[in-house]
Amino acid sequence: MWKLWVLFGLSFVLSILAEDDGENKIVEQVPVGNGKVINQFPVDLITYTVATEETDGYLRYIRSAHLYGYHVKTLGMGEKWEGGAMAGTGGGHKVNLLRKALKPFKGNNNIIIMFTDSYDVMFLGPPDQVLAKFRKFDSRLVFSAEVLLWPDKSLAPEFPVTETSYKYLNSGGFIGYAGDILEILEDHPIKNDDDDQLYYTKLFLNKNLREKYRMRLDHKASIFQNINAATQDLRLNVDKAKTDGTFLENVVTEETPLVLHGNGPSKLALNFLSNYLARSWDPINGCTACPRDPLDLSPPPLIMLAVFVPWNTPFLVEFFDKIKNLTYPKNRIMLFVYNKMEYHDEVVDNFIEESAGQYLSHKQIASKDNTPESHARNLAVQLCLVKKCDYFFTVDSLAHLDNPDTMQNLLQARKRFVAPMLVRPNKAWSNFWGDLSPQGYYARSLDYMEIVNNERRGLWNVPYVSSCYLIHQEVISKIKGAFTQENYDPDMSLAKNLRDSGVFMFVDNREDYGHLIDADTFDITLTNPELYQNVENQLDWAKRYIHPNYSQSLMEDAVIPQPCPDVYWFPIVTPRYCKELIEVMETFGKWSSGKNTDERLAGGYENVPTRDIHMNQVAMERQWLAFLGDYVRPLQEKVFIGYFHDPPRSLMNFVVRYRPDEQPSLRPHHDSSTFTINLALNTPGIDFTGGGCHFIRYNCSVTNTKLGWLLMHPGRLTHYHEGLKVTNGTRYIMISFVDP
Ligand SMILES: *[C@@H]1O[C@H](CO)[C@@H](O)[C@H](O)[C@H]1NC(C)=O
Ligand SMILES: *[C@@H]1O[C@H](CO)[C@@H](O)[C@H](O)[C@H]1NC(C)=O
Ligand SMILES: *[C@@H]1O[C@H](CO)[C@@H](O)[C@H](O)[C@H]1NC(C)=O
Ligand SMILES: *[C@@H]1O[C@H](CO)[C@@H](O)[C@H](O)[C@H]1NC(C)=O
């Protein structure tokens, strides 16, 4: 019988959404009353559900129904829900809708009916398997079963003894003969806001009814799996995936359930599983649930781009360059810019002055307005709605969108809420949480690292995202004051509101979108504070400060200039680096006296003193040592082959200043180092005359030093050297004695 239905099924599958309400051909033809049926359509399982809104959960349910070929009838769509809050008791409304829908089946037991919830339910297998399993029960009506008894715990002793922990009735799923179910439902009435689970529980506990209809609970979760208090029984098989996708196993009952229900507080567990199940993701095909065909974006939706600078944030200039670089048509973008930090006024004002005119409209909230962040966020949302935006797209100053097509790509996800996945480079820190702790804070999901590392790419339903996201207007219009829930910061507040409203938050790593900045150590009291960020934000730091030709020296066939024997020369930092490092030193200003006594040193004595400032005096020692390890060490290994020291050690790291009226030169000496680096921070002939380094053994000088280039030479024995006299101006060099 079922096989025939499958043939017809294809056309129905395509039209299920359209036939949600109103009578359906099948139902019109099936019931003729009193056991007599003219059933021209070979349908023997009809699935009913109740949904008053097309929530994300409902869409997920329908997708899985389409996938496996269920004939679903949705009751109540568009009606006002009278069954109480989702979290509390209630749900009688569902019973009344079902009773009404089953009226035409009076006496008709040729039809099997399955009822399921939909917002927190999905199918994991086809209807023929459901029917086969149902028939094995030898029952007229099978209810799904769960571990916990709810809502009336006092009823526990009345339940039959069972061998599994799935002891109690759950009303989110049942299957039975249509006529019988109608008879049972007519046994007694229920008010819309009474509890449906209690109602069905009482029917089940009524021994006469139970025996008459051979009612059973699905104790082994052979058809219905309720997740709450049962996650430890479940195994998601991802690695062993067959071509038909991933599957869920109940390892305790050894069943493969077909209907999965995130009952009670297990919604997030369901969301997690739903990323994989019902052919959503498998290792062979990747994200099979992700939309494939391109969405036509003409005319482009009207988007409010809301930029937030709520923190002192390194690399904000680059951040705004990337905002400018977004390829989404600016005449379809309303710009909103919020800056809380006075420190950033200039950068933000420059951006507004230069770019705001290109957008459809713009609104700025400046630091002097003293608007709290959460208020500004709510305001932006209000403005978006007032101006009839289609989407709200928010980007915080930590979120660097390196992909200029981010906005279009996110729209292609066709989600009501979607965030580009952004990660701190080479770290586990991202803009989403895979799971939530019982207290509502961060918890790591089993698949978190695979997603963060892009080993699994797709669209992932997660409980929290921050920093950057695209929200459909329909969603934001529902959540008033979304960012101002008490005791939560704005992002936590939004995520909680969305979870409570049943809106799914998807994080998207189908593509690379960008990365997150780490602002934790950004100290604006420092001179040129970004210069200090090579450890926390290496990627951005290197773009700004590492010489564009640095990596050429590391190539296999690179020819490294050697101006004197065993003195190697490499481009390493940008002119900007050199300028900013000089500024750091001159702002600090405490140049040493150039005398032999030096209280900065352990021994208090310097044999060959210079006028200098040590890196630790300007709080840059840690950063400099990291720089030595990250950038200098690979160069050293290239030219002094066979010497490895990782990380390099160096106690003496300092900037030297030579000038005619102070200290113009340095007498011949050896360095206490395995090798020495000497980085030119300014340019002979422009910033000073004279100067340079003379290697006495080889009678060889380097005087045409190059800005941002590094000289590297052995420290002892062979490379006895002196600093040549500066005759005018000031010469700055950065010196390290590596591996003393
Ligand atoms: C802007 O986009 C262009 C072209 O995609 C790219 O070459 C450039 O690096 C981008 N600039 C920034 C700051 O990302
Ligand atoms: C980098 O090297 C190329 C030649 O390989 C040269 O043309 C270019 O000017 C160099 N860039 C800088 C900034 O020095
Ligand atoms: C060192 O080199 C300079 C020129 O490069 C030369 O004039 C001088 O005689 C050399 N000194 C010795 C000791 O070879
Ligand atoms: C030194 O440099 C300054 C400024 O660059 C210049 O005015 C002056 O004439 C120079 N003096 C000598 C002796 O070259």
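**Group meeting: a walk through the predicted model**

Good morning. I begin with K80, which sits in the loop between β2, residues 72-75, and α4. Please keep in mind throughout that what we are looking at is a predicted model. K80 is exposed, its relative accessible area being 64%. Apart from neighbours within four places in sequence, K80 contacts T52 and H93. To give a sense of distance, the C-alpha atoms of K80 and T527 stand 61 Å apart, and 447 residues separate the two along the chain.

From the loop before α4, I turn to a helix that packs against α4. The helix is α7, formed by residues 196-205. How many of the 10 residues of this helix are buried? Eight of them are, and helix α7 is therefore largely enclosed by the rest of the structure. The buried residues are D196, Q197, Y199, Y200, T201, L203, F204 and L205. What do they pack against? Their partners include three helices by name: α4 (92-102), α6 (178-185) and α8 (207-212). They also include the strands β5 (141-146), β6 (168-177) and β7 (215-218). At the start of the helix there is a further detail, in that a side-chain oxygen of D195 comes to within 3.1 Å of the backbone nitrogen of Q197.

Two of the strands just named, β5 and β6, are joined by a loop that contains P151. The peptide bond between W150 and P151 is cis, with omega at about 0°. A further cis peptide bond runs from D646 to P647, and there omega is near 0°. P647 is found in the loop between α19, residues 621-639, and β30, residues 650-658.

P647 also brings us to an annotated region. An unreviewed UniProt entry carries the annotation "domain: Fe2OG dioxygenase" for residues 647-740. In the model, that stretch of chain is 52% strand and 0% helix. The C-alpha atoms at the ends of the stretch are 13 Å apart.

Next, I would like to consider backbone angles at two residues. D138 has a positive phi of about 50°, although it is not a glycine. D138 is placed in the loop between α5, residues 127-136, and β5. With a relative accessible area of 46%, D138 is partly exposed. N370, likewise a residue other than glycine, has a positive phi near 50°. Its place is the loop between β16, residues 361-365, and α12, residues 373-386. Is N370 buried or exposed? At 66% relative accessibility, N370 counts as exposed.

S430 gives us a loop residue that is buried. It lies between β19, residues 417-420, and β20, residues 432-433. Its relative accessibility is 9%, and the cut-off for buried is under 20%, so S430 counts as buried. Which groups does the side chain of S430 reach? It comes to 3.0 Å from the backbone oxygen of F432. The side chains of S430 and Y448 are also joined by a polar contact of 2.7 Å. Leaving out residues up to four places away in sequence, S430 touches L422, V423, Y448, V452 and L516. Y448 thus appears both in the polar contact and among the residues touched by S430.

I close with the two ligands, taking them in order. Which residues are around ligand 1? They are D321, K322, N325 and P404. Taken alone, ligand 1 exposes 360 Å², of which the protein buries 37%. This shell divides into one nonpolar, one polar and two charged residues. Within the shell, a polar side-chain atom of N325 lies 2.3 Å from an oxygen atom of ligand 1.

Ligand 2 is surrounded by H547, P548, N549 and Q552. On its own, ligand 2 has 360 Å² of accessible area, and the protein covers 31% of it. What is the make-up of the shell around ligand 2? One of its residues is nonpolar and three are polar, with no charged residue. For ligand 1, by contrast, the shell has two charged residues.

To recapitulate, we have seen a helix, α7, that is largely enclosed, and a loop residue, S430, that is buried. We have also seen K80 as an exposed loop residue, and N370 as another that counts as exposed. Thank you for your attention.

Key:
Residues are numbered from 1 along each chain as its sequence is written. Chains are lettered from A and ligands numbered from 1 in the order in which they are written. This is a predicted model: local features need pLDDT of at least 70, side-chain atom pairs count only at pLDDT 80 or more; totals for chains, interfaces and linings use all residues. Side-chain values use heavy atoms; hydrogens and water are left out. Buried means under 20% relative accessible area, exposed over 50%, partly exposed in between (1.4 Å probe, protein chains only). Helices (H or I, at least four residues) and strands (E, at least two) are DSSP runs, numbered from the N terminus. Contact means heavy atoms within 4.5 Å. A polar contact is a pair of N or O atoms within 3.5 Å; within protein, one must be able to donate a hydrogen and the other to accept it, and residues adjacent in sequence count only if both atoms are side-chain atoms. A residue is near a molecule or strand if one of its heavy atoms lies within 4 Å of it. Accessible areas come from the Shrake-Rupley method with a 1.4 Å probe; for residues, only the protein chains shown count as cover. Ala, Val, Leu, Ile, Met, Phe, Trp, Tyr, Cys and Pro count as nonpolar, Asp, Glu, Lys and Arg as charged, and the others, Gly among them, as polar. UniProt positions are given in the numbering used here, feature names are shortened, and annotations may be inferred rather than shown by experiment.
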